[in-house]
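Biologist: I would like to go through this model with you step by step, as one might with a student in the first year. Could you show it first, and then take my questions in turn?

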Amino acid sequence: MARYVLRGRDDESAAVAKVLRSAAEAGRGCVVCLRGEPGIGKSALLRSVTAQAAADGYAVGSGKAEELHRIAAGAPLLIALRSGPLPLLDAEAFAGLAPLHHQPLWLIDRIASLLEELARRTPVLIAIDDVQWADPVTRFALDTLPTRLSSCPIVWLVATRDLTPSRWVPSTTCSATGCC
């Protein structure tokens, strides 16, 4: 697995690592939101955290919202569910989501059930970069799933250029000292 070297992000890395440890130990979920101007290293920090979480035993999925290329409703989250060498969902479970793609409420409900089942076995990290460009289904998922799954060891790590909290940035948040 690639090792990411960050410069000047020791405090942020340590804070997120502490949140991940706390979530795994307490068996509770939370949201970590990396906010800042373009080019300050949010994506690099996100990649570093996901690599470290995987090394620490987390099941990890990561996706990225695209400004111009919106391939499907909920794509950043769906990509996170099937990303990497050890996807969060196997091919069969992922294929089971396809019939629900035009029914966002049922799709999000099914994703919640699958993530809850996975989190019973191992802590989970779902990282989504560039959330400022997320489509409405992804926004809805990020607004509802963290609260619904807060009793599971699922950490939601999102990076955004939005400097002010908006309605669709996840409403459940964590402090640097632990999970909600």
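Modeller: Helices and strands are here DSSP runs, a helix having at least four residues and a strand at least two, and both are numbered from the N terminus. Please keep in mind throughout that this is a predicted model.

Biologist: With that settled, how many helices and strands does the protein chain have, and in which order do the elements run?

Modeller: Counting such runs gives 6 helices and 4 strands in the protein chain. Read from the N terminus on, the order of the elements is α-β-α-β-α-α-α-β-α-β.

Biologist: What share of the residues in the protein chain is buried?

Modeller: A residue counts as buried when its relative accessible area is under 20%. Of the 180 residues in the protein chain, the share that is buried is 46%.

Biologist: Among contacts with a separation of 6 or more, what share joins residues 24 or more positions apart?

Modeller: Contact here means heavy atoms within 4.5 Å. Taking the contacts in the protein chain with a separation of 6 or more, the share that belongs to residues 24 or more positions apart is 79%.

Biologist: Let us turn to the interior. Which element supplies the largest share of the largest nonpolar core?

Modeller: In soluble globular proteins, nonpolar side chains tend to be buried together. The largest nonpolar core in this model has 35 residues, and those with the most contacts inside it are I111, L115, I126, L145, I154 and W156. At least two residues of this core come from each of helix 3 (75–81), helix 5, strand 3, helix 6 and strand 4 (154–160). The largest share, 8 residues, is supplied by helix 5.

Biologist: I154 was one of the residues named for that core; which residues does I154 touch, not counting residues up to four places away in sequence?

Modeller: Once residues up to four places away in sequence are set aside, the residues that I154 touches are R28, G29, C30, L115, A119, V124, I126 and L149.

Biologist: How many residues are in the second, separate core?

Modeller: This second core is separate from the one just described, and C30, L45, A127 and L157 are among its members. Its number of residues is 18.

Biologist: Now to the charged side chains. Which elements or loops does the salt bridge between D130 and K64 tie together, and how far apart are they in sequence?

Modeller: Side chains of opposite charge can pair when their charged atoms come close. In the pair of D130 and K64, the closest N and O atoms are 2.5 Å apart. Because D130 lies in the loop between strand 3 (124–129) and helix 6 (136–148), while K64 lies in strand 2 (residues 59–64), the pair ties together parts that are 66 residues apart in sequence.

Biologist: Which partner in that bridge is buried, and which is partly exposed?

Modeller: K64 has a relative accessible area of 37%, so K64 is partly exposed. D130 has a relative accessibility of 10%, and the buried partner is therefore D130.

Biologist: How far apart in sequence are the parts that R148 and D109 tie together?

Modeller: R148 forms a salt bridge with D109, and their closest N and O atoms are 2.6 Å apart. Since R148 lies in helix 6 and D109 in helix 5 (residues 104–119), the pair ties together parts whose separation in sequence is 39 residues.

Biologist: In the salt bridge of E117 and R121, is R121 buried or exposed?

Modeller: The side chains of E117 and R121 meet at 4.0 Å, N to O. E117 is partly exposed, with a relative accessible area of 42%. For R121 the relative accessibility is 59%, and R121 therefore counts as exposed.

Biologist: Which residues make the nonpolar surface patch of about 340 Å²?

Modeller: One of its residues is W106, whose place is in helix 5 and whose relative accessibility of 54% makes it count as exposed. The complete patch is made by L105, W106 and F140.

Biologist: To finish, with which side chain does T138 share a polar contact of 2.7 Å?

Modeller: T138 has its place in helix 6 and is buried, with a relative accessible area of 1%. Leaving aside neighbours within four places in sequence, T138 is in contact with G74, A75, P76 and L77. The side chain joined to that of T138 by the polar contact of 2.7 Å is D135.

Definitions and conventions
Residues numbered from 1 in each chain as written. Predicted model: local features only at pLDDT ≥ 70, side-chain atom pairs only at ≥ 80, totals over all residues. Heavy atoms only, no water. Buried < 20%, exposed > 50% of the residue type's maximum accessible area, 1.4 Å probe, protein only. Core = buried A, V, L, I, M, F, W, Y, C linked by side-chain atoms within 4.5 Å. Patch = residues over 30% accessible without salt bridge, like charges linked within 9 Å, V, L, I, M, F, W, Y side chains within 5 Å. Areas by Shrake-Rupley, 256 points an atom, 1.4 Å probe, with all protein chains shown as cover. Polar contact = N/O pair within 3.5 Å; in protein donor to acceptor, adjacent residues only side chain to side chain.
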